[in-house]
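The following exercises concern aromatic ring pairs. Work through each task before reading its solution.

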Amino acid sequence: MVKEIEKTGIPVVHVCTVTPISITVGANRIVPAIAIPYPFGNPAKTSQEEKQIRRKLVETALNALTTPVTEQTIFEVK
Amino acid sequence: MSATKKLRVVHYINQFYAGIGGEEKADHKPEIREGVVGPGVALKAVFGNDAEITHTVICGDGYFNENLETAKKELISMIKGANPDLFVAGPAFNAGRYGVACGTICDLVQKELGIATVSGMYRENPGVDMYKKDVYIIETNNSAVDMKNAAPKMAKLGLKLARKEEIGASIEEGYLPGMSRINFFDYARGSKRAVDMLLKKLAGQPFVTEYPMPDFDRVEPGKPIKDMKKATIALVTSGGIVPKGNPDHIESSSASKYGEYDIKGVNDLTEKTHETAHGGYDPLYANQDSDRVLPVDVLRDLEKEGKIGKLHNLFYTTTGNGTSIKNSREFAAEFAQKLVAAKVDAVILTST
């Protein structure tokens, strides 16, 4: 799906937990997520902390979308 | 090694095939059991007197992929302790995380322990592209029904590898091409084979190419967004997030359709409004709060704060679980045109 969307010229950032699959599939901008059943969360934290974690991940994804890339790139959450 | 010695085999399977449980048990930690478990029975039958599965190593697919380094260490020490002549993983058929785990652990066992390994997968399994150059992977069909076909091929190739016998070409042994090329004598020289193939093609008969064109299926990265404050961002997911009740009945696996849903005025996905239709992972966390898969709440906040232009009012969703590449491609080709028409500037695609 990543490639079909990006073919139209719209940049795509793929946020997923198993990044090697994303590399194999051919995503160009990749952000590693938290876990398979909750990529953007962590049920062990309070809902406030969880939202903070989610926000950081989304901000990393947006940052990836503003960054020029020439090859497949993984953007780690800082 | 004498020809009469019974080879020791260690077999790797996931929590599902071990009968421990489905996705709710995917966090199962590595364990080793003596003897055969689950699909090992089929392998045992074909090994006969040539080899014995002394131990079965079991690990949850979620645990393996989420704790990669720890899982690798734990598993390699268990496998080493069992002292096998051959290591067999799977077959994983079309189970993506299981396939990745099988490939990873086979590769590691070969490199660190110097022990022969073999696995089995469906050709679209992501584990294939990752490991076909390093690990012998028998080609299977996409479901466990194919076990009866896969087990003899895996056992035969495994025995040959453990005994350091000569390995034939992929087409003879049934493994997925990617390993070193093998020279062999064919029934006739190339020119004759080419003409034979052409005649078959002209007659409308089936033929098999000897040199499939490589599939460099890469896409040029999209240009970066210059001004995020003015950008329209759309959300797309393979994690199966749908409005509560799954109104379009998107299948829990092998999806035949995708959904397009309106989130106009929605600031937060809750237990009452949304859930996941995805069958391959534990749905509990996504059902409690779908923002954990599709971060609508945070994007609405960023929209209000002016950090992004706006969040697109429609999101696109399907279940990635066992869904064929062909279907996924068709879904995305269709909704990508809608995204273009809606002047969406960038997409965040989330996967579970």
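**Exercise 1.** Which residues form one aromatic cluster?

*Solution.* The cluster consists of Phe16(B), Tyr17(B), Phe93(B) and Tyr98(B). The model is predicted, with local features requiring pLDDT of at least 70 and side-chain atom pairs pLDDT 80 or more, while totals for chains, interfaces and linings use all residues. Residues are numbered from 1 along each chain as written, chains are lettered from A in the order written, and side-chain values use heavy atoms, without hydrogens and water.

**Exercise 2.** Classify the pair of Tyr38(A) and Tyr285(B), and state where each residue lies and whether it is buried or exposed.

*Solution.* Rings of Phe, Tyr and Trp (its six-membered ring) pair if their centres lie within 6.5 Å; planes under 30 degrees apart are stacked, over 60 edge-to-face, and the rest tilted. Over all chains there are 10 aromatic pairs. For Tyr38(A) and Tyr285(B), the centres are 4.8 Å apart and the planes stand at 75°, so the pair is edge-to-face. This pair crosses between chains: Tyr38(A) is in the loop between β2 (29-32) and α3 (47-66) of chain A, and Tyr285(B) is in helix α9 (residues 284-288) of chain B. Helices (H or I, at least four residues) and strands (E, at least two) are DSSP runs numbered from the N terminus. Buried means under 20% relative accessible area, exposed over 50%, and partly exposed in between (1.4 Å probe, protein chains only). Tyr38(A), at 18%, is therefore buried, and Tyr285(B), at 22%, is partly exposed.
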